[in-house]
Amino acid sequence: TWHLRKIPQIVRERTFSLDSPKFEAKTKLELNSVCGIECQRKLPVPSLSDLKSLLSYETVFENGTRTLTEVNVLGAVPDPAANTTTGRSLRKKRQVYGTDSRFSIYDKRFMTNFPFNTAVKISTGCSGVLVSPKHVLTAAHCLHNGKDYVKGSKRLRVGLMKTKSRGNGRKRKGTSDGVPSFQWTRVKSTHIPKGWFKGVSEDIALDYDYAVLELKRPHKRKYMELGISPTIKMMPGSMIHFSGFDNDRSGQLVYRFCSISDESNDLFYQYCDAEPGSTGSGIYLRLKEPNKKKWKRKIIAVYSGHQWVDINGEQQDYNVAVRITPLKYAQICFWIHGNDENCTQG
């Protein structure tokens with residue numbers, strides 16, 4: 001069951017203008033030497049002043065201008081169990097190997113209907129998910145490498161799968177032979193938490209590998225609501241689901257589900273088969289609505305991708321997702337609504 005929780009408040013304090021970014025970074029869909037599962041165990045619980053700094057955010061507009069918004073955090077309760085992990089299993093090499101458990105969605109009836117229609121393609125090569133009539137949730141590293149914005153993010157576009165298109169006065173389906181066609185929409189603004197930038201932490205912090213894009217024009221499709229990520233114990237079969245546009249299956253929508261193997265306060269570690277391109281996909285669960293018989297799917301994490309990390313002096317790899325904690329729910333909800341009045345419970 002989805003459990004309602006009181007959400008901390010993210011309150012805007014000051015907004016400054018910054019110099020326009022250079023937009024010269026190379027898009028990198030696989031990250032190296034980031035804080036992994038062993039490193040996470042050693043991290044201290046962030047203080048309130050740390051949280052205010054990490055959750056402040058940059059906004060880049062389509063004309064190339066940039067602002068920094070400083071925030072205050074109200075009602076945040078530090079989690080004493082932060083960054084403890086279950087230690088269930090040793091990591092093993094996992095991207096796609098052995099039996100490939102991914103499903104390509106060919107049938108346009110599925111592809112263009114909920115929940116698959118919420119998956120979008122980002123012009124920098126990643127995936128994302130519709131979370132409002134005007135907003136897309138994706139991974140921060142699809143747009144920014146920790147120091148600068150990637151080249152393609154200056155004229156960022158989002159591809160929504162088309163259901164129908166018009167040509168020569170006749171209606172024709174927007175998909176043929178299971179290959180989706182896209183309606184590309186310009187991005188009006190991009191929000192990235194300051195916690196992602198290398199200037200704040202000494203290295204890239206996977207905990208903050210998420211971003212929200214505001215579209216120039218609203219769409220009329222069904223989108224996926226946000227949910228607060230439960231612990232592994234509270235998930236049916238510990239199973240998660242997500243769909244994206246994997247590079248090795250060009251033009252196809254690829255769906256997968258798998259169980260989560262380990263967790264920290266901010267990250268899920270799992271063995272879902274995935275390739276670059278699916279980075280930024282929205283990970284969702286299907287749970288019962290409180291006091292109702294209805295089931296509802298909600299986004300509870302963002303797929304960050306296949307990562308390499310240093311563990312005990314050796315490079316090891318895993319697939320990781322950034323959990324939507326109450327604080328991140330408050331921030332993303334604030335970005336979507338522009339205020340915290342609609343974000344008191346989640």
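Of the 346 residues of the protein, 55% count as buried, in a model that is predicted. The secondary structure comes to four helices and 21 strands, and residues 24 or more positions apart account for 74% of those contacts in the protein that have a separation of 6 or more. The protein exposes about 16,300 Å², of which carbon and sulfur atoms supply 48%.

Turning to a single residue, Arg-66 is found in strand 3, which covers residues 66–74. Arg-66 counts as buried because its relative accessibility is 17%, and the cut-off for that class is under 20%. The side chain of Arg-66 makes a polar contact with the side chain of Glu-58, at 3.3 Å. When neighbours within four places in sequence are left aside, the residues in contact with Arg-66 include the run Phe-16, Ser-17, Leu-18, Asp-19, Ser-20 and Pro-21, together with Glu-58, Thr-59 and Val-60, and also Tyr-149.

The second largest pocket has a volume of about 230 Å³. Among the residues that line this pocket are Phe-114, Tyr-223, Met-224, Glu-225, Arg-286 and Glu-289, as well as Lys-292, Lys-294 and Trp-295. Strand 20 (residues 295–311) supplies the largest share of the lining of the second largest pocket, namely three residues. The lining divides by class as follows.

| Class of lining residue, second largest pocket | Number |
|---|---|
| Nonpolar | four residues |
| Polar | no residues |
| Charged | eight residues |

Methods:
Residues numbered from 1 in each chain as written. Predicted model: local features only at pLDDT ≥ 70, side-chain atom pairs only at ≥ 80, totals over all residues. Heavy atoms only, no water. Helix = DSSP H or I, 4+ residues; strand = E, 2+ residues; numbered from the N terminus. Buried < 20%, exposed > 50% of the residue type's maximum accessible area, 1.4 Å probe, protein only. Polar contact = N/O pair within 3.5 Å; in protein donor to acceptor, adjacent residues only side chain to side chain. Contact = heavy atoms within 4.5 Å. 1 Å grid on protein atoms, 1.4 Å probe; cavity = no way out; pocket = protein on both sides within 12 Å on 5 of 7 lines; lining within 4 Å. Points joined across faces, edges and corners; volume = space filled by probe spheres on them. Nonpolar A, V, L, I, M, F, W, Y, C, P; charged D, E, K, R; others polar. Areas by Shrake-Rupley, 256 points an atom, 1.4 Å probe, with all protein chains shown as cover.
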